[in-house]
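Hi,

Here is the structure I promised to pass on. Have a look at it first, and then read my notes below.

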Amino acid sequence: MSRSVAVLSTILLAAAAVRAQEEEVGKPFWVSTPPGATAALQDVTTSIAAQDWNGAAKSLQTVFDRFPDAFAKSGRIGAYVGARHRALQLLAAAPQDVRDEYERLFGAPARQALFDALRGGERDALLQVVRRYEGTAAGLDAVLALADHALMRGRPAEARLLLARLSLLHPTRFSEPAVARRRALAAARDHAEGGPAPGGGEA
């Protein structure tokens, strides 16, 4: 094959790839938007407004258990947001009475799930504890266990992201010396591998 033919073939292949990408843009895609996810989030806000702490805590757990991957309508314009992420935001911003009731209801099963995950030594089981019970004390311990696991296996960026999550639901523990040391170590190792420089108390 002559050089000119090879160059032309390369150009044609590149043009075909660009066209294929352009055709993908604008195509519809589907996300899970079960009405139950939106209803559960609405129940959280309604229960908090009525000072029904038990109802708010149970509705939050409904989202974590049944709709962790779903999207739900939020706000007046009806934008779709991740249901689990929105539930975490609501829990973080809720009155302390809601946090206390949530721990009372779900702290024990979360602790048992954490014990089983640690006994089995399975990372996926720890992830499930975080997925279902991140707002509990046991959920926090599961995040720390996952971060330690990532550091020991040379994944500092993963550990850094995990530890950063604590600032939303567990701001007091986030600033404790033991956690701060983990964050500093993860940030330093991640930076050494090309990640962003330590900041926000990580140094």
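A definition to start with: two residues are in contact here when they have heavy atoms within 4.5 Å. On that basis, among the contacts in the chain with a separation of 6 or more, 57% are between residues 24 or more positions apart.

Please keep in mind that this is a predicted model. The average pLDDT of the chain is 87, and 81% of the residues score at least 70. Confidence is lowest in helix α1 (residues 3-24), where the mean is 49. At the other end, helix α3 (residues 53-66) has the highest confidence, at 98.

On the overall layout: the chain has 11 helices and 2 strands. Going along the sequence, the order is α-α-α-β-β-α-α-α-α-α-α-α-α. Of the 203 residues in the chain, 34% are buried.

Now the aromatic rings. How many aromatic pairs are there? The count is 2. One is Phe64 with Tyr102: the ring centres are 6.3 Å apart and the planes sit at 80°, over the 60 degrees that marks an edge-to-face pair, so edge-to-face is what this one is called. This pair ties together distant parts of the chain, as Phe64 belongs to helix α3 and Tyr102 to helix α5 (residues 96-120), with their positions 38 residues apart. Both Phe64 and Tyr102 are buried.

The other pair is Tyr102 with Phe106. Here the ring centres are 5.1 Å apart and the planes are at 50°, so the pair counts as tilted. Tyr102 and Phe106 are both in helix α5, 4 residues apart, which is about one turn of the helix. Phe106 is buried, as is Tyr102. Put together, the ring pairs join Phe64, Tyr102 and Phe106 into a cluster.

Next, helix packing. In general, a pair of packed helices is described by the angle between the axes and the distance between them. For helix α6 (residues 123-133) and helix α7 (residues 137-152), the angle is about 145° and the axes are 9 Å apart. The crossing of α6 past α7 is left-handed. On the α6 side, the contact uses Arg123, Leu126, Leu127, Val129, Val130 and Tyr133. On the α7 side, the partners are Ala138, Gly139, Ala142, Val143, Ala145, Leu146 and His149. By class, the residues in this contact of α6 with α7 are 10 nonpolar, 2 polar and 1 charged.

Helix α6 also packs with α3: these axes come within 8 Å and cross at roughly 145°. Gln61, Phe64 and Asp65 of α3 make this contact with Arg131, Arg132 and Tyr133 of α6. The classes for α3 with α6 are 2 nonpolar, 1 polar and 3 charged. Phe64, from the ring cluster, therefore turns up in this helix contact too. 

Three single residues are also worth a look.

Glu134 is in the loop between α6 and α7. Is Glu134 buried or exposed? At 4% relative accessibility, Glu134 counts as buried. Beyond neighbours within four places in sequence, Glu134 is in contact with Arg84, Leu88, Val129, Gly139, Leu140, Arg165, Leu169 and His170. Val129 and Gly139 are also among the residues where α6 meets α7.

Ala83 lies in helix α4 (residues 83-93). The relative accessible area of Ala83 is 0%, so Ala83 is buried. Setting aside residues up to four places away in sequence, Ala83 touches Ala37, Leu41, Val63, Phe67, Ala70, Phe71 and Ala72. From Ala83 to Phe64, the C-alpha to C-alpha distance is 8.4 Å, and the two are 19 residues apart in sequence.

Val81 lies in strand β2 (residues 79-82). With 27% relative accessibility, Val81 counts as partly exposed. Not counting neighbours within four places in sequence, Val81 is in contact with Ala70, Phe71, Ala72, Ser74 and Arg86. Val81 and Thr33 are 48 residues apart in sequence, and their C-alpha atoms are 9.6 Å apart in space.

Happy to talk it through whenever suits you.

Cheers

Definitions and conventions. Residues are numbered from 1 along each chain as its sequence is written. This is a predicted model: local features need pLDDT of at least 70, side-chain atom pairs count only at pLDDT 80 or more; totals for chains, interfaces and linings use all residues. Side-chain values use heavy atoms; hydrogens and water are left out. Axes are lines fitted to C-alpha atoms, for helices over the stretch in contact, and angles run from 0 to 180 degrees between N-to-C directions. A crossing is left-handed if the near helix is turned anticlockwise from the far one by less than a right angle, and right-handed if clockwise. Ala, Val, Leu, Ile, Met, Phe, Trp, Tyr, Cys and Pro count as nonpolar, Asp, Glu, Lys and Arg as charged, and the others, Gly among them, as polar. pLDDT is the predictor's confidence in each residue, from 0 to 100. Rings of Phe, Tyr and Trp (its six-membered ring) pair if their centres lie within 6.5 Å; planes under 30 degrees apart count as stacked, over 60 as edge-to-face and the rest as tilted. Buried means under 20% relative accessible area, exposed over 50%, partly exposed in between (1.4 Å probe, protein chains only).
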